[in-house]
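Here is a short tour for a newcomer. Start with the whole chain, then move to one helix and a few backbone details.

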Amino acid sequence: MTDSAPLPRIHPVLLSGGSGVRLWPMSREQYPKQLLPLCSERSMLQDTARRVAGTDRFATPLVICNQEHRFVIAEQLRQIGIADPRIVLEPFGRNTAAAAALAALIVAQEDPEGLLLLLPADHVIRDEPAFLEAVERAARVAGAGRLATFGIVPTAPETGYGYIRCGDRIEGHVGTHEVAAFVEKPARAVAEGYLAEGSYFWNSGMFVLPAGLYLAELERYEPEVLAACRAALDASRTDIDFIRPDSDAFAAAPSISIDYAVMERTDRAAVVPCSIGWTDVGAWSALWEIGEKDEAGNVCQGDAVAWDSQGCYARSEDGALVALLGMTDTVVVATEDAILVAAKDKAQDIKPLVERLKKEGRSEPLQHRRVYRPWGFYQSLHTGERFQVKRLTVKPGAQLSLQMHYHRAEHWVVVNGTALVTRGEEKILLRENESVYLPLGTAHRLENPGKVPLNLIEVQSGSYLGEDDIVRFDDTYGRV
């Protein structure tokens, strides 16, 4: 396919896995960085989806994600006008080769000539016109039988990225080259040499792949990955709007990246060098680099100020003032339940700290105090001996599961909105300042029949208050 030939259909695939540990304490295992509004008023997932929405060149996005994030992702996509996304739930992570295989198998069945546009959901791209131009170049060379990747024009001798060395130009495709080599993350002196030499580009982790060709090359180099993914999809089931590959079959897939599985071994690899304002936001220092700085080089987000300080990143997410005085090259990030203070040059090294917190059994690496559910969210306000106080917000028309608890009773007080409560055989309608008591062992359900959000206070009391003390009898969202 030359640059003048019609383009095959492009199927965006948003890779929304990973836990985003290096952006703790904002990013948590149950609510990772791609779901957060770190760089705009929208989440990184929403920004990624919007880049490939609203034009005829792209099909509806396909999302590969952790099953724990499915309802949040569906809601975030709905908020930006993507009402019917295809969402595939990985039973567990098996790296990008398997995720791409799931997507390629789905696309190849419905569009044998289709192209996959693989996009990690946690990247920032500031020059979207340049990005779309690069996608078109990559799509054209992919349509001619190549596996295309994007090489980012380096702006510094970065040691945190892998590199791609460009080979010969590909005839008939402007701005496109053979891949001469993939290079691991280099030492600084080596990276400086790459910059001076001029034929090395950052490995972006984004790809345009013909679905059929990728499957053929995966069969050639890593047949176990393909066999496991095919078996998992063959035995998959549909859960509401989600596709659930079979977990036992998927478990047989080796965990390996696209680079190692295919791109470093195939003779079909092509690279499209581009300058698109790209960063993978792998650490707080990356957000400092792309943030709007004051005259002293400080980036302040939320209710944060820096005085007599230079080169700092300060962020408040809980409404409390964060004030820096006499600091240099420091990162301070405050959430409702955790504060990180780190040297900016150590921002890549947060993972061991978070692992230590997990080993100590702390909840802060796993979830925020505000926990999102398909019906809305709950937020822990206060916990004491044998009691806990929560705020619940239920979306209009939504309902919780019909459930009971073995170890706790609950008292609900409506703050605003309207609540329809099932208590045993009773149906009780509650309005502002009205309340209901739910004895231990009683089947109950909460619904919002109104047109505005329902806010209430829940007081739990009992010998055990864990979230796993729940028996569901019926659930709109298919949970057990």
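## The chain as a whole

Helices and strands here are DSSP runs, with at least four residues for a helix and at least two for a strand, numbered from the N terminus. On that count, the protein chain has eleven helices and 30 strands. The model is predicted.

How does the radius of gyration of the protein chain fit a compact globule? For 480 residues, such a globule would have a value near 23 Å. The protein chain has 25 Å, which agrees. Along the principal axes, its C-alpha atoms fill a box of roughly 75 × 60 × 40 Å.

## Inside and outside

Of the 480 residues, 53% count as buried. Contacts often span the sequence: among those between residues at least 6 apart, 69% join residues at least 24 apart.

The accessible surface comes to about 21600 Å². Carbon and sulfur atoms account for 49% of that surface. The protein chain carries 50 positive and 66 negative charges. The mean positions of these two sets are 2 Å apart.

## Helix H11

Helix H11 covers residues 350-359. Which of its residues are buried? They are Ile-350, Val-354 and Leu-357. Seen down the axis of H11, the buried residues fall within an arc of 55°, so they line one face of the helix.

The other side of H11 has exposed residues: Pro-352, Arg-356 and Lys-359. Cover for the buried residues of H11 includes helix H10 (284-290) and strand E19 (339-343). After H11 comes Gly-361, with a positive phi near 80°.

## A cis peptide bond

Where does the loop with Pro-25 lie? It runs between strand E1 (10-16) and helix H1 (44-51). The peptide bond from Trp-24 to Pro-25 is cis. Its omega is near 15°.

## Positive phi outside glycine

Asp-329 is not a glycine, yet its phi is positive, near 50°. Asp-329 sits in the loop between strand E17 (322-325) and strand E18 (330-334). Its relative accessible area is 37%, so Asp-329 is partly exposed.

Arg-386 also is not a glycine and has a positive phi, about 70°. The loop that holds Arg-386 links strand E21 (376-384) and strand E22 (387-394). Is Arg-386 buried or exposed? Its relative accessibility is 52%, and exposed means over 50%, so Arg-386 counts as exposed.

How values were computed
Residues numbered from 1 in each chain as written. Predicted model: local features only at pLDDT ≥ 70, side-chain atom pairs only at ≥ 80, totals over all residues. Heavy atoms only, no water. Buried < 20%, exposed > 50% of the residue type's maximum accessible area, 1.4 Å probe, protein only. Arc of directions from axis to C-beta. Contact = heavy atoms within 4.5 Å. Rg over C-alpha atoms; globule rule 2.2 N^0.38 Å. Areas by Shrake-Rupley, 256 points an atom, 1.4 Å probe, with all protein chains shown as cover. Lys, Arg positive; Asp, Glu negative; His and termini not counted. Charge placed at Lys NZ, Arg CZ, Asp CG, Glu CD.
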